[in-house]
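Student: Could you take me on a close look at one part of this model, the place where its helices and the loops between them come together? I'd like one connected account, with the cut-offs spelled out as you go.

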Amino acid sequence: MIANEYRYHMTQTVAQLITLLDPKKSMNVNIFMKQFKMPNSEVVEKIKLGDYELIGQEKLLGLLKILPASDEGKYSGDAQGFKISSLLKLVDTKANRARVTLLHYIVEEIVGQDQNVLDFVQHLGPILKAISRISLDQQEVEIRQIKGKVEAIEKRISNSNPEVKEQYSSYITSVTEQIQELLSLYSSVKSDSEKMAEFFCEEVKKFDVDEFFGNLNTFLEKVIQCKKDNEQRKIQEERALKRKQAQEAEMARRKSLDPSGSSGTPKNSLQRVKENDVCLVDLLLNEIRQGTSLKTRKMPRSVATIS
């Protein structure tokens, strides 16, 4: 299965690549730990139990000196998280099998624990798809363009006669209020996007909320596709297994009908004739060697028919 392949692959990768300490620090720790003459896990348990006979004050102080500090042993480049855009790279991490990725494995593991865990994707997907089509910056540009046009109209009306002012003043006031509501809403969304950037450890100044929702929408679409792929692959594997079992059962049945161990394929008449020919010739040669007088013998039925 996908899970087993990835466990093996990731185990081998981790064993080969990941080292938490630099070579010098690692050597010092190993030299120090050898004096206990027991597995490291047992040493840890002794420390937890406060075994003073094994680990006295002197050894404990020595251990504290060589242990890595809080800023050591990092292999993630001092990273504290990952960007949402990095989720899309899960599809680029391939397995040993064709068209299987790390995301397929993750989805398989999640669904294996809870069949309904991805139901939220079906509800959230359409919302994200709609949001990802909206450009927040473009919305601001359009709102300000409308505001500019309304202000220009308002200025022209203000220079018109009282009758025109009275006719359009209430309309201009209503439109101006709506524009202010839109600008206020935009400011609120902009503030929320900055909070979102901080929450997801993004750089606020470089954070593009449109790109963020677009990446999230694309990722959820790929999750859904991986789930479908896994389901289809499972069906195909089950069908292949059934075919194999059926073939094995048929071979076993044929073997039971033919205890001699042959393939079970029925022999045609030509094969039977050839076998009879061999048997007759062998019989004649054997009698000639023994000096037995040859008498007219009744030939096998199949041979007589052919002759």
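Tutor: Glu-140 is a handy place to begin: with a relative accessibility of 22%, Glu-140 counts as partly exposed. Here buried stands for under 20% relative accessible area, exposed for over 50%, and partly exposed for what lies in between, with a 1.4 Å probe and protein chains only. Please keep in mind that this is a predicted model, in which local features need pLDDT of at least 70 and side-chain atom pairs count only at pLDDT 80 or more, while totals for chains, interfaces and linings use all residues. Residues are numbered from 1 along each chain as its sequence is written, and side-chain values use heavy atoms, with hydrogens and water left out.

Glu-140 belongs to helix α7, residues 136–158. Its C-alpha atom is 7.7 Å from that of Leu-183, although the two are 43 residues apart along the chain.

For the wider setting, the chain has 11 helices and zero strands. Both kinds of element are DSSP runs numbered from the N terminus, helices being H or I over at least four residues and strands E over at least two. Of the 307 residues in the chain, 20% are buried. If you take the contacts between residues at least 6 apart in sequence, 69% of them join residues at least 24 apart; contact means heavy atoms within 4.5 Å. The chain exposes about 23,800 Å², with 55% supplied by carbon and sulfur atoms; such areas come from the Shrake-Rupley method with a 1.4 Å probe, and for residues only the protein chains shown count as cover.

Now to the helix pair I would like you to see. Helix α6 (residues 119–132) packs against helix α9 (residues 209–257) at an angle of about 145°, and their axes are 9 Å apart. The axes are lines fitted to C-alpha atoms, for helices over the stretch in contact, and the angles run from 0 to 180 degrees between N-to-C directions. The crossing of α6 past α9 is left-handed, a label for a near helix turned anticlockwise from the far one by less than a right angle. On the α6 side, the contact is made by Val-121, Gln-122, Leu-124, Gly-125, Leu-128, Lys-129, Ile-131 and Ser-132, and α9 brings Phe-213, Gly-214, Leu-216, Asn-217, Leu-220, Glu-221 and Ile-224. These residues divide into eight nonpolar, five polar and two charged. In that scheme Ala, Val, Leu, Ile, Met, Phe, Trp, Tyr, Cys and Pro are nonpolar, Asp, Glu, Lys and Arg are charged, and the others, Gly among them, are polar.

Look at Lys-129 in α6. Lys-129 is partly exposed because its relative accessibility is 38%. Setting aside neighbours within four places in sequence, Lys-129 is in contact with Asn-217 and Glu-221. The C-alpha atoms of Lys-129 and Phe-213 are separated by 8.1 Å, across 84 residues of chain.

Phe-213 also leads us to α8, the helix that holds Met-196. Met-196 touches Phe-207, Phe-212 and Phe-213, not counting residues up to four places away in sequence. The C-alpha atom of Met-196 is 8.6 Å from that of Val-209, 13 residues apart along the chain.

Next comes the loop between α8 (162–199) and α9, where Glu-202 is found. Glu-202 is buried, because its relative accessible area is 17%. Beyond its neighbours within four places in sequence, Glu-202 is in contact with Lys-83, Ile-84, Ala-197 and Phe-207. Cys-201 is in the loop between α8 and α9 too, but Cys-201 counts as exposed because its relative accessibility is 54%. Phi of Cys-201 is near 60°, a positive value in a residue other than glycine. Most residues other than glycine have a negative phi. Cys-226, in contrast, is buried at 4% relative accessibility. The structure holds zero disulfides, a disulfide being a pair of cysteine sulfur atoms within 2.5 Å.

Finally, Phe-82 sits in the loop between α4 (57–66) and α5 (102–113). The C-alpha atoms of Phe-82 and Glu-202 are separated by 8.8 Å, though their positions lie 120 residues apart along the chain. Phe-82 is exposed, with a relative accessible area of 56%, and touches Leu-87 and Phe-200, not counting residues up to four places away in sequence.
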